[in-house]
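Trainee: I would like a close look at a single part of this model, with the residues around it brought in where they help. Could you take me through one strand pairing and what surrounds it?

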Amino acid sequence: MSKIDHSLFSVHEHALEKEHEVCPKCGSETSVKHSKKGAFVGCNNYPNCDYTRPLVEHYETLLKVLDDSECPLCESPLAVKNGRFGMFIGCTNFPECHYVAQEESKESLSTCPSCNKSELVERSNKSGKTFYSCGGYPKCKYILNNKPVAQSCPECGWQVMVEKKTAKGLMLQCPQKHCNHKVSL
């Protein structure tokens, strides 16, 4: 452990920063660049050459073909795949057919109070955090971070209340910013 080369871990020059790859557009050297969206490989001759590529390639990998199921759109077999955001079930005829199986909501939630057309659907983001949004997305962009309850607010009349865990226990709260109505359960 005493033979660690500390120059590899300096702030100015990291061991992975030197890619030593030739730019396919201009022939100049490329290196690892950093932006607010993450690291990428870019040409060192930047203003004159705009070549970039992702540092990590996110390819879909086919894990297992499900012979007993077929795509509802094109009738090709479905498969378990591993993609950019984790595992999913999708069509094997991918470039032509973009079908991806969606997980069905377990319970029926209340109707969307914003558009009154679709139901609120339980979803999760790429981190795994659960949220509730209108099933009519992208036309309606109503979203809640806490579980909705089909009960109207007695103070402002909003059609949905949310279940919120606090230090005092479970409470029903109106999701409207201008209404601070809370009821303990």
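Mentor: In this predicted model, Glu122 has Tyr132 in E9 as its bridge partner. That pairing belongs to a wider arrangement, in which strand E8, covering residues 120-124, and strand E9, covering residues 130-134, run antiparallel and are joined by 5 bridges. The two strands form a hairpin with 5 residues between them, and in the turn Gly128 has a positive phi of about 100°.

Tyr132 also takes part in the largest nonpolar core, which has 10 residues in all; among the others are Leu120 and Cys134, together with Leu109, Cys112, Tyr142 and Val160. Within that core, Tyr142 is a useful residue to follow, since, leaving aside neighbours within four places in sequence, Tyr142 is in contact with Leu120, Tyr132, Ser133 and Cys134, and its further contacts include Cys112, Pro113, Trp158 and Pro175. A second, separate core of 5 residues includes Met161, Leu172, Cys174 and Cys179.

For a contrast with these core residues, turn to Val22, which lies in strand E1, residues 18-22. Val22 counts as exposed because its relative accessible area is 57%, and exposed here means over 50%. Not counting residues up to four places away in sequence, Val22 touches Gly27, Ser28 and Thr30, while its C-alpha atom is separated by 9.9 Å from that of Asn44, 22 residues apart along the chain.

Key. Residues are numbered from 1 along each chain as its sequence is written. This is a predicted model: local features need pLDDT of at least 70, side-chain atom pairs count only at pLDDT 80 or more; totals for chains, interfaces and linings use all residues. Side-chain values use heavy atoms; hydrogens and water are left out. A nonpolar core is a set of buried Ala, Val, Leu, Ile, Met, Phe, Trp, Tyr and Cys residues joined through side-chain atoms within 4.5 Å. Buried means under 20% relative accessible area, exposed over 50%, partly exposed in between (1.4 Å probe, protein chains only). Contact means heavy atoms within 4.5 Å. Two strands pair if DSSP finds at least two bridges between them. Helices (H or I, at least four residues) and strands (E, at least two) are DSSP runs, numbered from the N terminus.
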